[in-house]
Amino acid sequence: MSRPDIGHWLARLSDPRGINVRWDVSPFDAKDERALDRLLFEARRHSVSLVFFSRLIDLLRNQPETVLVGDRHAERSQALQQEVTDMRLQDLAQVMAIGAVAREIRTGIAGMPVAHVKGLDFAEVLFGGVQERIFGDIDLLYEPGAERDLRDLLAKMGFTEHRPDLHPAHYTERQWTRPHPQMDYILVELHTDMVHVERTRQGI
């Protein structure tokens, strides 16, 4: 039995519009722990774990045979369902914490030539809310003239700037962090350009 295509599983269950039936999938061998672990790892690596885990839980609860074969007494599907539920709750706690800080920053930058990009914006606009898309930091795209006001705002909110000289000179990204009780820190990345490497920017 060949292993199921993990990419197909991710594409099928991670579409924000619903189950993407264009991607055919086959069930996993209930004893293939390595493949199942990789499936969950890849969902997190591609930042689709919240929506993916939610739909996988639903399948394990209502159609376990579509996910696993060789699970005669449904013991593995029940255990996997609990594992995925726990992972989803962990990811949800993280994204809710980061999302709360992102909204606080959004209020602070009102009126500035600063845009909140990726993370929270993607979650709200494309996925319908932070409960469906995980993100690990807060990205702000700003006009150079707003740098002083933006730096002052982050400093007042308790963020600390990382040493700029740790980045190559041609990188436009700068990082700020603030400790958080649910994780080591909240990370804010400031950008004057979304492509950091000069040679790459010139080629676009």
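Here are three short exercises on this predicted model, each with a worked solution.

**Exercise 1. The cores**

Task: Find out which elements build the largest nonpolar core, and which element gives the largest share.

Solution:
- Start with the core itself: it has 27 residues, and Ile105, Ile138, Leu140, Phe159, Val188 and Leu190 are those with the most contacts inside it.
- Next, the elements. Two or more residues each come from helix 4 (75–108), helix 5 (119–125), strand 4 (138–142), helix 6 (147–156) and strand 7 (183–191).
- Helix 4 gives the largest share, six residues.
- Now zoom in on Phe159. Leaving aside residues up to four places away in sequence, Phe159 touches Val101, Ile105, Leu154, Trp176, Thr177, Arg178, Ile186 and Val188.
- Don't forget the other core: 25 residues that lie apart from this one, including Trp9, Leu13, Leu36 and Val48.

**Exercise 2. A helix pair**

Task: Describe how helix 2 (residues 33–45) and helix 3 (residues 49–62) pack.

Solution:
- Two numbers do the job here, the angle between the axes and the distance between them.
- For this pair the angle is about 145°, and the axes are 8 Å apart.
- Then list who touches whom: helix 2 brings Leu39, Leu40, Ala43 and Arg44, while helix 3 brings Ser49, Phe52, Phe53 and Leu56.
- Sort those contact residues and you get six nonpolar, one polar and one charged.

**Exercise 3. Ala93**

Task: Decide whether Ala93 is buried, partly exposed or exposed.

Solution:
- Locate Ala93 first: it sits in helix 4.
- Its relative accessible area is 33%.
- Buried needs under 20% and exposed needs over 50%, so Ala93 is partly exposed.
- As an extra, the C-alpha atoms of Ala93 and Gln182 are 8.0 Å apart, though 89 residues separate the two along the chain.

Terms used. Residues numbered from 1 in each chain as written. Predicted model: local features only at pLDDT ≥ 70, side-chain atom pairs only at ≥ 80, totals over all residues. Heavy atoms only, no water. Core = buried A, V, L, I, M, F, W, Y, C linked by side-chain atoms within 4.5 Å. Buried < 20%, exposed > 50% of the residue type's maximum accessible area, 1.4 Å probe, protein only. Helix = DSSP H or I, 4+ residues; strand = E, 2+ residues; numbered from the N terminus. Contact = heavy atoms within 4.5 Å. Axes fitted to C-alpha atoms, helices over the stretch in contact; angles between N-to-C directions. Nonpolar A, V, L, I, M, F, W, Y, C, P; charged D, E, K, R; others polar.
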